[in-house]
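Below are some short remarks on the model you sent. They are set out by residue so that each can be checked against the coordinates.

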Amino acid sequence: MILIVMVAGIIAYTTWWFYRTRTMVNRWAEHNGLKVLDYSIMPFPPYPPIMVTLTTSRNQLIVRMRVYDDSIHRIRSGWLRLGTFWWGLMNIDAVEVFWAGHDGLSDEHGF
């Protein structure tokens, strides 16, 4: 019985985690007038900007994303850091963006 409860808990948490991630990305895009083209969850991103990697806690999540910016009619790419340093994904509005091509952030590896 305990095993069933543990498995159910793991499935529930995993489902919540993916739902929360999708909700945070879409909500951030909507608030900024952007349309999400695609994104990928990157718990250990292979090519993140070093400043993003060094300042991200284990409670946070880095997401690589591409969005369509209707105000400039261009596709933009970058990284989103979801969650707070201590509380992780509990705060739905805790989203920080790092645009590729700004402040020395490279987009040379593509998406």
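**Notes on the model**

1. The loop between β3 (74–82) and β4 (95–99) is where Trp 86 is found. Please keep in mind throughout that this is a predicted model.

2. Trp 86 has a relative accessible area of 66%. The cut-off for exposed is over 50%, so Trp 86 is classed as exposed.

3. Trp 86 belongs to a nonpolar surface patch, together with Phe 85, Trp 87 and Met 90. The accessible area of these four residues together is about 600 Å².

4. Thr 21 sits in helix α1, which covers residues 2–31. Is Thr 21 buried or exposed? Its relative accessibility is 0%, so Thr 21 counts as buried; the limit for that class is under 20%.

5. Which residues does Thr 21 touch, leaving aside neighbours within four places in sequence? The contacts are with Tyr 39, Ile 41, Leu 61, Val 63, Leu 82 and Leu 89.

6. The side chain of Thr 21 also has a polar partner in the backbone: one of its polar atoms is 2.9 Å from the backbone oxygen of Trp 17.

7. Asp 38 is placed in strand β1, residues 34–42. With a relative accessibility of 24%, Asp 38 is rated partly exposed, because that class lies between the buried limit of 20% and the exposed limit of 50%.

8. Along the chain, Asp 38 and Ser 77 are 39 residues apart. In space, 9.6 Å separates the C-alpha atoms of Asp 38 and Ser 77.

Conventions. Residues numbered from 1 in each chain as written. Predicted model: local features only at pLDDT ≥ 70, side-chain atom pairs only at ≥ 80, totals over all residues. Heavy atoms only, no water. Helix = DSSP H or I, 4+ residues; strand = E, 2+ residues; numbered from the N terminus. Buried < 20%, exposed > 50% of the residue type's maximum accessible area, 1.4 Å probe, protein only. Polar contact = N/O pair within 3.5 Å; in protein donor to acceptor, adjacent residues only side chain to side chain. Contact = heavy atoms within 4.5 Å. Patch = residues over 30% accessible without salt bridge, like charges linked within 9 Å, V, L, I, M, F, W, Y side chains within 5 Å. Areas by Shrake-Rupley, 256 points an atom, 1.4 Å probe, with all protein chains shown as cover. Salt bridge = Lys/Arg side-chain N within 4 Å of Asp/Glu carboxyl O.
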